[in-house]
Amino acid sequence: MKKKILLFILIIVFVYAIGGFIYLKMNKNEPEAVVISDVDKIKGYDYTLKSNASELYKTEFKILKDNLEKDKNDEEYAMSIAKLFIIDLYSLSNKVNKYEVGGVEFLHPDYVANYKLNVQNTLYKYMEDNSYGNRNQKLPLVSTIKVSSHEKTTFKIKDTSYEGYKVELEWEYTEDLGYESKGEVIVIKNDNKYFVVEKN
């Protein structure tokens with residue numbers, strides 16, 4: 001009789017153990033993947049605002065959108081493209097990984113492939129992956145930006161010359177981690193749209 005009771009208790013314990021194991025396995029709290037979506041866009045253009053954009057980027061994007069969807073000012077349009085390009089390029093902390101290269105949507109199509117490869121192998125090279133939101137690495141985030149000067153210029157692509165602007169910019173970060181804080185961007189106009197073609 002005692003053996004039967006002991007066997008019964010062991011069976012119950014075994015069943016509970018298996019059930020507990022299956023429950024824990026099924027309900028394991030695995031981190032959720034970071035999902036980035038489009039939250040805004042500009043009518044008639046390919047510019048989109050992503051859900052992981054910084055506050056500064058959102059502000060500058062709204063300025064660009066207001067300009068392009070109302071009474072377009074070409075000079076202001078060019079300055080916005082230059083600023084958004086720099087903000088997106090140097091704000092690494094909101095990027096998921098090194099393959100999410102900032103500034104790509106503002107580049108002239110002829111330069112995108114080389115630019116992405118160059119940035120991935122230099123500026124973004126040591127960026128840790130943040131696909132599950134668990135990155136601890138300190139990375140820069142642009143907090144302010146201003147155009148210090150600009151002038152009209154021309155830029156040649158193959159055999160064609162394009163009108164545009166040479167734009168000098170200065171920017172700051174939420175925390176100084178030793179990244180570049182000033183530079184020059186050349187923006188050209190092609191078919192009613194401005195593109196970044198060079199950054200020094």
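**View 1. Asp-46 is an exposed residue held in a salt bridge.** In this predicted model, Asp-46 has a relative accessible area of 60% and is exposed. Its side chain meets that of Lys-193 in a salt bridge, at 3.4 Å from N to O. The pair links distant parts of the chain, 147 residues apart. Lys-193 sits in strand S6 (residues 193-199). Asp-46 sits in the loop between S1 and strand S2 (48-50). Lys-193 is buried, with a relative accessible area of 13%.

**View 2. Lys-65 and Asp-40 form a salt bridge between a helix and a strand.** The N to O distance is 2.7 Å. Lys-65 belongs to helix H2 (residues 55-69) and Asp-40 to strand S1 (residues 38-41), so the contact ties together parts that are 25 residues apart in sequence. Lys-65 is buried, at 18% relative accessible area. Asp-40 counts as partly exposed, at 26% relative accessibility.

**View 3. Lys-199 and Glu-180 join strand S6 to a loop.** Their closest N and O atoms are 2.8 Å apart, forming a salt bridge. The two residues are 19 apart in sequence, and the pair links distant parts of the chain. Lys-199 lies in S6. Glu-180 lies in the loop between strand S4 (160-173) and strand S5 (182-190). Lys-199 is partly exposed, at 26% relative accessibility. Glu-180 is also partly exposed, with a relative accessible area of 36%. Elsewhere, salt bridges that share partners join Lys-62, Asp-66 and Lys-70 into one network. The count of salt bridges comes to 11.

**View 4. Four strands make an open antiparallel sheet.** The strand order is S3-S4-S5-S6. S3 and S6 stand at the edges with a single partner strand each, so one side of each has no neighbour in the sheet. From one strand to the next, the twist averages 30°. Antiparallel pairing of S3 with S4 runs over 14 bridges. Glu-151 has Lys-166, in S4, as its bridge partner.

**View 5. Helix H3 lies across the sheet strands.** H3 lies across S3, S4, S5 and S6. Its direction runs at about 50° to S4. H3 also gives the largest share of the largest nonpolar core, 11 residues.

**View 6. The largest nonpolar core holds 41 residues.** Tyr-47, Ile-81, Phe-85 and Val-187 touch the most other members. The elements that give two or more residues to this core are H2, helix H3 (74-90), helix H4 (112-121), strand S3 (142-157), S4, S5 and S6. Apart from it lies another core, of 6 residues. Its members include Phe-155, Ile-157, Tyr-162 and Ile-186. In soluble globular proteins, nonpolar side chains tend to be buried together.

**View 7. Val-187 is a contact hub of the largest core.** Val-187 is one of the residues that touch the most other core members. Leaving out residues up to four places away in sequence, Val-187 touches Ala-78, Ile-81 and Ala-82. Under that same exclusion, Val-187 also touches Gly-164, Tyr-165 and Val-167. Tyr-194, Phe-195 and Val-196 complete the set.

**View 8. Leu-89 is buried in helix H3.** Leu-89 lies in H3. Its relative accessible area is 4%, under the 20% cut-off, so Leu-89 counts as buried. Gly-103 is 14 residues away in sequence, yet the two C-alpha atoms are 5.2 Å apart. Neighbours within four places aside, Leu-89 is in contact with Gly-102, Gly-103, Tyr-115, Val-119, Leu-123 and Tyr-124.

**View 9. The whole chain, for orientation, has 4 helices and 6 strands.** Along the sequence, the pattern reads α-β-β-α-α-α-β-β-β-β. Buried residues make up 38% of the 200 residues. Among contacts with a separation of 6 or more, 56% are between residues 24 or more positions apart. The accessible surface comes to about 12800 Å². Carbon and sulfur atoms account for 53% of that surface.

Notes:
Residues are numbered from 1 along each chain as its sequence is written. This is a predicted model: local features need pLDDT of at least 70, side-chain atom pairs count only at pLDDT 80 or more; totals for chains, interfaces and linings use all residues. Side-chain values use heavy atoms; hydrogens and water are left out. A salt bridge is a side-chain nitrogen of Lys or Arg within 4 Å of a carboxyl oxygen of Asp or Glu. Buried means under 20% relative accessible area, exposed over 50%, partly exposed in between (1.4 Å probe, protein chains only). A nonpolar core is a set of buried Ala, Val, Leu, Ile, Met, Phe, Trp, Tyr and Cys residues joined through side-chain atoms within 4.5 Å. Contact means heavy atoms within 4.5 Å. Accessible areas come from the Shrake-Rupley method with a 1.4 Å probe; for residues, only the protein chains shown count as cover. Two strands pair if DSSP finds at least two bridges between them. Axes are lines fitted to C-alpha atoms, for helices over the stretch in contact, and angles run from 0 to 180 degrees between N-to-C directions.
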